[in-house]
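User: Please take a close look at the charged side chains of this structure and explain how they pair.

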Amino acid sequence: MGYVSQLAKRYEGDWAKSGARSVLREMIEQHSLNYKRAKNLRVLCFPGISAAEIFEVYDPLGIPRQNIVGIEREPEIASILSGMNLGIQVVPSTLDDYLKSQPELDLDVVSLDYTGPISPDQVQTLFTIGDKIRRSKFILHHANLMKRDRASYSLYS
């Protein structure tokens, strides 16, 4: 996906994505915050160009931004996110490349918000995350909203 089309995809006002972020916030509040303080939670996510998940999920829960790793595969968008001085660690990489570089993961929340239908590669990525997580409990939020991305849907139909 090119830089221009990525910038055009802004979902901060999208009701479905907003609903998914709300569910994620509630899951963290109900489960993770029962056994750990917010200041100690560690998160990996796809922040996207608007970083809406940071503002709508992690900030209200009091999770420190320095505990958040944001993966962004588009170098230009990673640069924009870094320039926003969000306080998160922005990693300009694909998720798979990031996972290959990490022998293990010390995370409490993994939030993967994709467009398009789930793919076999994504399923393999989920298994890799499960194999590398050091925690006995963690939240894995994996959202695929297919009806928004007709081009991806047509590949599978």
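Analyst: A residue counts as buried under 20% relative accessible area, as exposed over 50%, and as partly exposed in between. The model is predicted, and the description below follows its salt bridges.

Arg134 has a relative accessibility of 49% and therefore counts as partly exposed. Its partner in a salt bridge is Glu104, with the closest N and O atoms 2.9 Å apart. This pair links distant parts of the chain, 30 residues apart: Arg134 belongs to the loop between helix 6 (120-132) and strand 5 (139-145), and Glu104 to the loop between helix 5 (95-101) and strand 4 (109-115). Glu104, at 40% relative accessibility, is likewise partly exposed.

A salt bridge also joins Asp106 and Arg135, where the closest N and O atoms are 2.5 Å apart. Because Asp106 lies in the loop between helix 5 and strand 4 and Arg135 in the loop between helix 6 and strand 5, the pair ties together parts that are 29 residues apart in sequence. Asp106 is partly exposed at 28% relative accessibility, and Arg135 is partly exposed at 24%.

These four residues belong to a network of salt bridges that links Lys36, Glu104, Asp106, Asp108, Arg134 and Arg135.

In the whole structure, seven salt bridges are found. One salt bridge joins the side chains of Arg65 and Asp59, at 2.5 Å from N to O. Arg65 is partly exposed, with 22% relative accessibility, as is Asp59, with 30%.

A further contact of a charged group involves a ring: the charged end of Lys137 sits over the ring of Tyr35, 4.5 Å from its centre.

Terms used. Residues numbered from 1 in each chain as written. Predicted model: local features only at pLDDT ≥ 70, side-chain atom pairs only at ≥ 80, totals over all residues. Heavy atoms only, no water. Lys NZ or Arg CZ within 6 Å of the ring centre and 35° of its normal. Buried < 20%, exposed > 50% of the residue type's maximum accessible area, 1.4 Å probe, protein only. Helix = DSSP H or I, 4+ residues; strand = E, 2+ residues; numbered from the N terminus.
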